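Hi there,

Here is the structure I promised to pass on to you. Have a look at it first, and then read my notes underneath.

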Amino acid sequence: MSKKRYAIVLDTKKCLNCKACTVACKFENGVPVGDETYRIWVTELPLQGHFPNLHQEYQPSQCQHCENTPCESVCPTHATFRTEEGVVLVDYDKCILCKACMAACPYDARFVSEHHKAIEKCTMCYHRLGEGREPACVETCPTKVRVFGDLNDPNSKVSKLLASRAYYQLKPDRNTRPRLFYLK
């Protein structure tokens, strides 16, 4: 059997902007709750329609865990790396806070962590995956916006969703080949 290729599929039409995912992420990963740094976030898109028929949509986002990782290629100490499953991680001990990865990331998915004294980002809760658990944002979402799974498993929920629904990826012109897929 081929190795796993982790991905997240997002059905943004289900998003209520309840912030459960961002709060769960902060608590799971020790990101200070009171500050404005986030590993994942939800963007409020412009109102659509005309009064009284208005519609609001939200776009959850995070590190896209790209297959073609610009952040990895610019890191002078190789602190940024990809796991066998394609999860992009940071080795805090190797990070020198040069911020080259922050400049290279087209998704603005990195921030300086005072706690780790390194650049930080979403890890897909990699520490949970070995235990058979999903990322905290996926597990806690009350409306199941996010679906996590293995792209190499044709029977996984992510594979089935991508085979049956139209989708898009953010900033396709950057050729990063993200591992986050947004259902249309």
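Below is what turned up in the cores, the cavities and one loop.

Please keep in mind that this is a predicted model.

I'll start with the nonpolar cores. The largest one has 27 residues, and within this core Met-124 and Phe-148 touch the most other members. Five elements each supply at least two of its residues: strand E1 (6-10), H1, E2, helix H5 (136-140) and strand E12 (180-183). The largest share, three residues, comes from E1. Leaving out residues up to four places away in sequence, Phe-148 is in contact with Tyr-6, Ala-7, Ile-8, Met-124, Leu-129, Glu-134, Pro-135, Val-138 and Val-158. Another core, of nine residues, lies apart from the largest one and includes Cys-71, Cys-75, Cys-101 and Ala-118.

Next, the empty space. The count comes to four cavities of 30 Å³ or more, and the largest has a volume of about 90 Å³. Of the 14 residues lining this largest cavity, Cys-15, Cys-18, Cys-21, Cys-141 and Val-145 are the closest to its centre. Its lining divides into ten nonpolar, two polar and two charged residues.

Finally, a loop residue. Val-33 sits between helix H1 (20-29) and strand E2 (40-44), in the loop that joins them. With residues up to four places away in sequence not counted, Val-33 touches Lys-26 and Phe-27. Its C-alpha atom is separated by 31 Å from that of Arg-177, and the two residues are 144 residues apart along the chain.

Happy to chat once you have had a look!

Best wishes

Conventions: Residues numbered from 1 in each chain as written. Predicted model: local features only at pLDDT ≥ 70, side-chain atom pairs only at ≥ 80, totals over all residues. Heavy atoms only, no water. 1 Å grid on protein atoms, 1.4 Å probe; cavity = no way out; pocket = protein on both sides within 12 Å on 5 of 7 lines; lining within 4 Å. Points joined across faces, edges and corners; volume = space filled by probe spheres on them. Nonpolar A, V, L, I, M, F, W, Y, C, P; charged D, E, K, R; others polar. Helix = DSSP H or I, 4+ residues; strand = E, 2+ residues; numbered from the N terminus. Contact = heavy atoms within 4.5 Å. Core = buried A, V, L, I, M, F, W, Y, C linked by side-chain atoms within 4.5 Å. Buried < 20%, exposed > 50% of the residue type's maximum accessible area, 1.4 Å probe, protein only.
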